[in-house]
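User: I would like to go through this model at the bench level, one point at a time. Please give the reasoning before each answer.

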Amino acid sequence: MVRKIIAAAVFVLALTTTPLFAQAPAASGAPPPAPPPKPWSGNVSFGLSLTNGNKDTTNFNLGFEAKYDPKTKNVFKTSGLFLYGKTGDELSAEQYGLTLRDEYSFNPRAFVFGDLRYLHDHFKGISYLYSPSAGIGYKVIDVPTTALSVSVGAGGVWEKDIGFDVQASGALTFDEKFTHKLTKTATAGQAFSGLWKTSDMGDALYAFGVNLAASITSQAQLKVEMLDTYKAKPPDPKMKSNDIALVMGVVYKF
């Protein structure tokens with residue numbers, strides 16, 4: 001009987017200690033595998049300036065960029081910007097735009113795309129402008145520190161100017177985007193886009209921007225951006241074709 005009890009105790013002890021010995025190598029060795037990359041990435045930016053005195057001014061900007069990249073051949077991108085300003089009781093800025101874009105790569109450099117652009121610009125006299133298009137693009141430079149891409153497309157445009165009826169036309173588009181990592185904490189960027197109406201190639205809309213961003217934490221940046229919007233033929237001849245905005249704000253990356 002004593003032998004049976006000892007044998008049973010040894011058997012139970014072996015069962016309870018075997019998992020401990022089996023787990024020992026994991027405790028002593030390699031770090032756990034890195035989690036898979038998140039499919040969604042992007043940032044949200046916000047800026048506000050107020051002055052009070054001889055003139056009261058309010059300037060507000062809100063922007064975002066987001067990308068869905070499941071590490072396949074298909075990538076979805078979207079971006080938006082809202083600018084608003086008042087000096088006293090007079091409106092000094094009112095512009096907002098949105099872009100949706102889907103890209104499909106058929107090799108590491110070349111891709112096809114479909115996109116939709118929307119713009120409202122009070123000081124250009126544009127109540128709204130919609131432009132869907134599709135085309136082809138190429139990544140001229142694609143390395144960890146530097147990226148440069150260009151694309152051309154064709155589609156349509158519907159523009160409603162303040163005080164006028166909607167005008168529809170075919171459209172040709174061109175886009176160029178450049179980013180460069182200056183240091184571990186600072187990046188610079190530049191972008192240009194053009195939209196031409198096929199019914200009147202002289203009636204074009206251009207957008208140009210340059211920016212500089214510096215990290216203040218692992219997920220936050222300070223960003224300064226200059227945006228230049230040029231409409232070749234504004235609806236009112238008294239309107240200026242060119243508007244430049246200086247945008248400063250805090251960017252939160254996700």
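**Questions on the predicted model**

Analyst: To start with one residue of this predicted model, aspartate 243 has a relative accessible area of 28%, so it is partly exposed.

User: In which strand does aspartate 243 lie, and which side chain does it join in a polar contact of 2.6 Å?

Analyst: Aspartate 243 belongs to strand E12. Setting aside neighbours within four places in sequence, its contacts are Phe123, Lys124, Leu227, Asp228 and Thr229. The side chain that aspartate 243 meets in the 2.6 Å polar contact is that of lysine 124.

User: How far apart in space are aspartate 243 and aspartate 228, C-alpha to C-alpha?

Analyst: Asp228 is among the contacts of aspartate 243 beyond four places in sequence. The two aspartates are 15 residues apart in sequence, and their C-alpha to C-alpha distance is 5.8 Å.

User: Is threonine 173 buried or exposed?

Analyst: Threonine 173 sits in strand E8, which covers residues 166-181. Beyond four places in sequence, its contacts are Arg117, Ser133, Ser151, Val152, Gly153, Ala154, Gly194, Leu195 and Trp196. Its relative accessibility is 4%, and buried means under 20%, so threonine 173 counts as buried.

User: How many cavities of 30 Å³ or more does a search of the whole structure find, and which element gives the most to the lining of the largest cavity?

Analyst: The search finds 1 cavity of 30 Å³ or more, and the space in the largest cavity is about 40 Å³. Strands E9 (186-197) and E10 (200-215) each supply at least two residues of its lining. With 3 residues, the element that gives the most is E10.

User: How many residues of each class are in the lining of the largest cavity?

Analyst: The lining residues are Leu129, Glu159, Leu195, Lys197, Asp203, Ala204, Leu205 and Lys231. One of them, Leu195, is also a contact of threonine 173. By class, the lining has no polar residues, 4 nonpolar and 4 charged.

User: What is the volume of the second largest pocket, and where does the largest share of its lining come from?

Analyst: The second largest pocket has a volume of about 430 Å³. Among its 23 lining residues, Asn59, Leu83, Ala93, Ala245 and Leu246 are the closest to the centre. Strands E1 (40-51), E2 (57-68), E3 (74-87), E4 (90-105), E11 (220-231) and E12 (242-253) each give two or more residues to this lining. The largest share is 6 residues, and it comes from E12.

User: How many nonpolar, polar and charged residues are in the lining of the second largest pocket?

Analyst: The pocket is lined by 23 residues. By class, they are 12 nonpolar, 8 polar and 3 charged.

User: Which sign does the phi of lysine 71 have, and what is its value?

Analyst: Lysine 71 is in the loop between E2 and E3. At 58% relative accessibility it counts as exposed, because exposed means over 50%. Most residues other than glycine have a negative phi. Lysine 71 is not a glycine, yet its phi is positive, at about 65°.

User: Over which residues does pLDDT stay under 50?

Analyst: The chain averages a pLDDT of 88, and 87% of the residues score at least 70. Where pLDDT is low, the predicted coordinates should not be read in detail. The stretch with pLDDT under 50, for which the model has 0 contacts beyond four places in sequence, is residues 1-26.

Notes: Residues are numbered from 1 along each chain as its sequence is written. This is a predicted model: local features need pLDDT of at least 70, side-chain atom pairs count only at pLDDT 80 or more; totals for chains, interfaces and linings use all residues. Side-chain values use heavy atoms; hydrogens and water are left out. Helices (H or I, at least four residues) and strands (E, at least two) are DSSP runs, numbered from the N terminus. Buried means under 20% relative accessible area, exposed over 50%, partly exposed in between (1.4 Å probe, protein chains only). Contact means heavy atoms within 4.5 Å. On a 1 Å grid over the protein atoms alone, a cavity is a set of points where a 1.4 Å probe fits but cannot get out, and a pocket is an open set with protein on both sides within 12 Å along at least five of seven lines; lining residues have an atom within 4 Å of a point. Grid points are joined across faces, edges and corners, and a volume is the space filled by probe spheres set on the points. Ala, Val, Leu, Ile, Met, Phe, Trp, Tyr, Cys and Pro count as nonpolar, Asp, Glu, Lys and Arg as charged, and the others, Gly among them, as polar. A polar contact is a pair of N or O atoms within 3.5 Å; within protein, one must be able to donate a hydrogen and the other to accept it, and residues adjacent in sequence count only if both atoms are side-chain atoms. pLDDT is the predictor's confidence in each residue, from 0 to 100.
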